[in-house]
Structures are given as structure tokens and as C-alpha cells.
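Please look through the chain shown here with its interior in mind. The paragraphs after it follow the packing of side chains and the empty space left among them.

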Amino acid sequence: MPQALRDVYGESLRKYGKANEKVVVLDADLATSTKSVLFAQECPDRFFDVGIAEANMVSMAAGFASSGYIPFINTFATFVASICALSAKSLIAYSGLNVRLIGGNNGLTGGYDGATHHSFDDINVMRGIPGMLVMSPSDPVMVDWMVRTLIEDYNGPAYVSLSRSGYDPLYQPGESFTIGKAKQLRDGADLSIFAYGLSVYRAKKAAEELAAEGISARVYDMFTIKPLDCEAVLAAARETGAIVTAEEHSILGGLGTAVAETLAKNRVCVPLETVGIRDCFTESGAYEDLVREFKIDVDSIKQAARDAVSEKGR
């Protein structure tokens, strides 16, 4: 049964945050949507709703972190990449503070909220900030691991791009993950598909359907976009000879760009196709309709895979 990743996040934040008195949670009038409300109900003395004052929220978090706390900032991803970005760079990252910025409703998952609330540039903005860890989970098991890790086992500024929605789980409870290391979900010989967030589910489904056409696709969950697992990218290029990236983000500055940078830096020349939102604004609509409209759906990933394979050896 699919679980919305935001719901899993809220439960995990409540569970692990309750156990660690250094955790404080801040929100900007969106607690019922980001699900930080679950922590607020459990630990009201460590929850702060700042109202519609996102930039001030980040400044407050910097103060908490400077005093030894572990602040979790919660708002929509589009606001993290805009209103919060200056303070995230100049106050948090510049000082290497132990703050977690959680960008909810990433990609198109805001649905009917429309272009102003869709986030197609958050990865681009946050991966450009020095020292900022950038991750995006693909399923409930990974969300739970990510929250626990950011509380118990990571020191430094971190950004998590989080979906409002969810698909069937990709991992079993207890699955192990390592920051900075891609997770291979499927082996293949003809090409490799790298994705993160909900695009991983679509990439895996695309690979399964491509197999019926005789195309063998390897699938990686690149849940850490920064630092990127360059070894996995180079091994995939060497062993399969073609790469597709799939993301619910602009094709400019996201995973596709990071993979292209890695290939270029290492002088590796293989076909590379990028599936993502083109250089355009989005629109209001039901989530799955938008996924199809902006061509980040399973069929679009399959076509990109066919195109990449057809370019091999040219």
C-alpha cells in the first residue's frame, strides 16, 4: 500500500526527535502540510511555528545550531530554494552549522497549487551552496533512515527534497544506505538509469517494461545528489555504455547536470539522455496528469532509454 512520504517523514521526526532532546523543529505556517505537526503534538516545547516568515525561520535555526541544538526547518521546497536560500548560504552553510532544511512538496507534488508552489529548481540551488549535503528519498524506508541518520549520525548542513506523495515501497525495512553511495536496484547491460525521489519508482517500472522489448536497463537510486557517487556513474558508463537520468526537477542544474559534469571531467563519452522538466514553468493539475504533461513519466523514461541505446557506437 503506497504511503505518502511526507506522512512517513512526520512520524519519523516525531519518533526520533522525541528521543533526542537536542532536536528542535521549526515551521512557517505549514505544519499540517509538512507533517511537522506530529512532532509539535509530541514535543510542543521544542516546536516553533514562526508564521509566514521563512527567512527569519532559517536565522532562528542558525541560532539554535550555534547553541548546540539540531534544528529541522520545514517549508515547501520552492520556498527553501528562494526565500530561505540567502540565510541558508550566509548563516548556515558559511558557518557549517548542523541544520536540516526539509523541502516538502518537491517537484510537481503540489499539484493544484500550481507553478508558484511547484519546485523545479531546489536541487540546482542547494547543490550550489558549499558544504551542503543534498538528498532526496525515494520510499518510506529511506525516509525513515534519512531522518534517523540526520539526527544521530551526521554533522553539518543538510537539505532534503521531499515528496508530498508516494508509490509502493522499493526497499524492505532494515535496508542499509550510505550517504554519497548510490543504491543499485536492478542490473542491466544496455544502459543505466539514474534517478532520485519518486522518479526512482518510475525508472524501475520503465526498466521492467523495457525488458519486454529486449532492452536491459540497470537502475540506480541516486538519493544523494551531493556529494554525487561519481564512481557509480563512471562504472555505469564503462559497463553499460549509455546513461539516462530521470528527475522531477528542471533538466538544468539537477541530477542530469551533475552526471554530465562527472562524465565530462573524466573525459568519458557515452550517450546521455536527461528526463526532467524542460526550461519552462509548470501549471496546476492532478499530480499524475502533470507527470505525464511534463514528460517525466514511465513512457518518457522508456523513450529516453531507447534513444540512448540507439546512439551507442555512433
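What follows goes from the nonpolar cores to the cavities and ends with one residue of a helix.

This is a predicted model, in which local features need pLDDT of at least 70 and side-chain atom pairs count only at pLDDT 80 or more, while totals for chains, interfaces and linings use all residues. Residues are numbered from 1 along each chain as its sequence is written, and side-chain values use heavy atoms, with hydrogens and water left out.

The largest nonpolar core (a set of buried Ala, Val, Leu, Ile, Met, Phe, Trp, Tyr and Cys residues joined through side-chain atoms within 4.5 Å) has 62 residues, of which Tyr9, Phe72, Met146, Leu150, Leu191 and Val244 touch the most other members. Buried here means under 20% relative accessible area, exposed over 50%, and partly exposed in between, with a 1.4 Å probe and protein chains only. Helix α8, residues 140–152, contributes the most to this core, with eight residues; helices (H or I, at least four residues) and strands (E, at least two) are DSSP runs numbered from the N terminus. At least three residues of this core come from each of domain 1 (5–161) and domain 2 (183–311), the bounds being those of an automatic or database domain assignment.

The structure also holds three cavities of 30 Å³ or more. On a 1 Å grid over the protein atoms alone, a cavity is a set of points where a 1.4 Å probe fits but cannot get out, and its lining residues have an atom within 4 Å of a point; grid points are joined across faces, edges and corners, and a volume is the space filled by probe spheres set on the points.

Where does the largest cavity lie with respect to the two domains? Domain 1 (5–161) and domain 2 (183–311) both give residues to its lining, so the largest cavity lies between them. This cavity contains about 60 Å³ of space, and its lining divides into three nonpolar, six polar and two charged residues, among them Asp122, Tyr196, Glu248 and His249.

The second largest cavity, with about 50 Å³ of space, is lined by residues including Tyr9, Met146 and Leu150, and α8 supplies the largest share of that lining, four residues.

Lastly, Glu209 is found in helix α9, residues 199–211, and counts as partly exposed because its relative accessibility is 29%. Leaving aside neighbours within four places in sequence, Glu209 is in contact (heavy atoms within 4.5 Å) with Val298 and Lys302.

Technical notes
1 Å grid on protein atoms, 1.4 Å probe; cavity = no way out; pocket = protein on both sides within 12 Å on 5 of 7 lines; lining within 4 Å. Nonpolar A, V, L, I, M, F, W, Y, C, P; charged D, E, K, R; others polar.
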